[in-house]
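I opened this entry to keep track of what I looked up, in the order I looked it up.

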Amino acid sequence: MKDNQGYLIINLDSDRLLDEEVEILNNKFIGGVLLFEHNFINNDQIKSLIESIKSVNSNLLIAIDHEGGRVQRFKEGFTSLPSFSSIGSIHITDHSLADEIAYNSGYIAGYELKAIGVDLNFSPVVDLSSNSNVLNSRTFSESSINVVRLSLLYIQGLIDNGIIPTLKHYPGHGSVSGDTHTDLLNCDMSWDDIYKHLVVFEKIHNKYNIPIMTSHIQFNKISNHPVTTSSTWLKDIPRKVFDKHPFFISDDLEMLGIKKHYSDLNRLSILEKTLTSGCSMAIVTTMQDKKIIKEKKSHLFYKKEYLDKLKSHNINTDHINLPCLDDLLYNRGDVNTYHKAIEIMGRHTKD
């Protein structure tokens with residue numbers, strides 16, 4: 001991973017690696033693969049798929065959204081993890097139990113993901129709880145103090161197993177109620193109100209130098225661009241807020257929330273804005289158009305819309321190697337600790 005030079009994180013179409021996808025994975029602009037439910041049948045199969053990907057390019061990052069609750073891509077053969085909101089609810093009456101569950105949730109997720117070869121978990125959601133359909137059950141609390149406390153424990157559980165956590169969605173998706181998968185979202189909050197959300201990212205990142213995923217929200221009083229393409233949000237503000245400059249990964253650039261904002265630009269231009277504004281890597285999937293996946297044509301989409309055009313288009317970017325690899329000790333968890341965590345989680349689920 002230290003030698004990774006690609007900045008695109010893409011998806012694959014099947015539960016096995018297609019011949020046409022091998023060529024794509026060898027492309028110098030591809031830096032990672034994000035796995036989804038349609039890539040998964042069972043534990044042995046997904047481990048084999050990841051091994052196949054790594055055999056093509058060992059520097060590729062294997063990523064997943066594995067939060068718990070309703071956002072857990074792999075289920076059969078994996079422990080069913082509680083939602084963050086359920087952990088937050090327990091925290092209201094029993095701080096100690098919630099702390100224990102938060103850490104063990106991260107530990108179990110980390111152990112099971114590491115066992116199949118995953119590198120990067122796009123979790124935890126550290127947005128403040130709000131009246132939002134997209135965030136429903138995915139957040140710990142309305143309180144920044146509680147979110148920081150529970151997130152740090154969950155993150156430690158992932159790190160203890162060698163999984164890189166990712167904070168999302170910077171600077172706080174709880175500031176809006178809509179969904180950037182489908183909508184163009186603007187927010188008129190003042191800086192003081194926004195900071196109540198941003199402070200969570202500040203406190204966590206200043207303890208763990210881990211990646212941060214950007215939101216596609218436009219905060220009108222701060223920038224004329226969505227966060228993902230705003231140098232104000234990705235360069236200027238981080239210099240003032242964070243001890244170390246974060247490694248930013250964009251949310252999916254195929255989401256309508258950002259495509260609608262730049263309706264006059266092609267995909268490559270949006271990508272260039274994303275990378276030159278401060279994102280080090282960009283997620284670009286075909287998940288917004290399932291027909292492409294069903295017909296197994298994602299490789300053609302990537303070639304036509306990105307890879308062929310990038311050959312003759314030089315995008316100047318900062319380094320893209322994950323800085324947290326230099327600062328955090330990544331390892332493999334202990335099987336006895338894992339089984340103890342399963343036991344504790346079992347008691348929680350039973351209760």
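I took helices and strands as DSSP runs, with at least two residues for a strand, numbered from the N terminus. On that basis I placed Gly31 in strand β2, residues 30-35. The model is a predicted one.

**Gly31**

I checked the exposure of Gly31 next. Its relative accessible area is 0%, so I logged Gly31 as buried, the cut-off being under 20%. I then looked up the C-alpha distance from Gly31 to Leu60 and found 5.2 Å, for two residues that are 29 apart along the chain.

**Aromatic pairs**

How many aromatic pairs does a search of the whole structure find? I noted 17. I started with Tyr103 and Tyr107, whose ring centres are 5.8 Å apart. Their planes meet at 45°, and the pair is therefore tilted, since that label covers what is neither under 30 degrees nor over 60. I found both tyrosines in helix α4, residues 95-116, where they are four residues apart, about one turn of the helix. Are Tyr103 and Tyr107 buried or exposed? I have Tyr103 as partly exposed at 22% relative accessibility, and Tyr107 as buried at 4%.

I went on to Trp191 and Trp233, which also form a tilted pair, with 6.1 Å from centre to centre and 35° between the planes. Trp191 belongs to helix α6 (residues 191-205) and Trp233 to helix α7 (residues 231-241), so this pair ties together parts that are 42 residues apart in sequence. Trp191 has a relative accessible area of 31% and is partly exposed. Trp233, at 0%, counts as buried.

I then followed the ring pairs outward from these two tryptophans. Trp191 and Trp233 are members of a cluster linked by ring pairs, which also takes in Tyr170, Tyr195, Phe201, Phe219, Phe242 and Phe248.

I looked for a charge over a ring as well. The charged end of Lys207 sits over the ring of Tyr208, at 5.5 Å from the ring centre.

**Helices α3 and α4**

I returned to α4 to see how it packs with helix α3, residues 84-93. The axes are 6 Å apart and the angle is about 155°. Angles over 145 degrees count as roughly antiparallel, and α3 and α4 therefore get that label. I listed the contact residues: α3 supplies Ile87, Ile90, His91, Ile92 and Thr93, while α4 supplies His95, Leu97, Ala98, Asp99, Ile101, Ala102 and Ser105. By class, I recorded seven nonpolar, four polar and one charged residues in this contact.

**Backbone**

Which peptide bonds did I note as cis? One runs from Lys168 to His169, with omega near 10°. I placed His169 in strand β8, residues 167-170. Another runs from Tyr170 to Pro171, with omega near 0°. Pro171 is in the loop between β8 and β9 (186-187). Tyr170 had already come up as one of the rings in the aromatic cluster.

I finished with Lys296. Its phi is near 55°, a positive value in a residue other than glycine. Lys296 is in the loop between α10 (290-294) and α11 (298-310). At 36% relative accessibility, I have Lys296 as partly exposed.

Notes
Residues are numbered from 1 along each chain as its sequence is written. This is a predicted model: local features need pLDDT of at least 70, side-chain atom pairs count only at pLDDT 80 or more; totals for chains, interfaces and linings use all residues. Side-chain values use heavy atoms; hydrogens and water are left out. Rings of Phe, Tyr and Trp (its six-membered ring) pair if their centres lie within 6.5 Å; planes under 30 degrees apart count as stacked, over 60 as edge-to-face and the rest as tilted. Buried means under 20% relative accessible area, exposed over 50%, partly exposed in between (1.4 Å probe, protein chains only). A charge sits over a ring if NZ of Lys or CZ of Arg is within 6 Å of the ring centre and within 35 degrees of the ring normal. Axes are lines fitted to C-alpha atoms, for helices over the stretch in contact, and angles run from 0 to 180 degrees between N-to-C directions. Angles under 35 degrees count as roughly parallel, over 145 as roughly antiparallel, 65 to 115 as roughly perpendicular and the rest as oblique. Contact means heavy atoms within 4.5 Å. Ala, Val, Leu, Ile, Met, Phe, Trp, Tyr, Cys and Pro count as nonpolar, Asp, Glu, Lys and Arg as charged, and the others, Gly among them, as polar.
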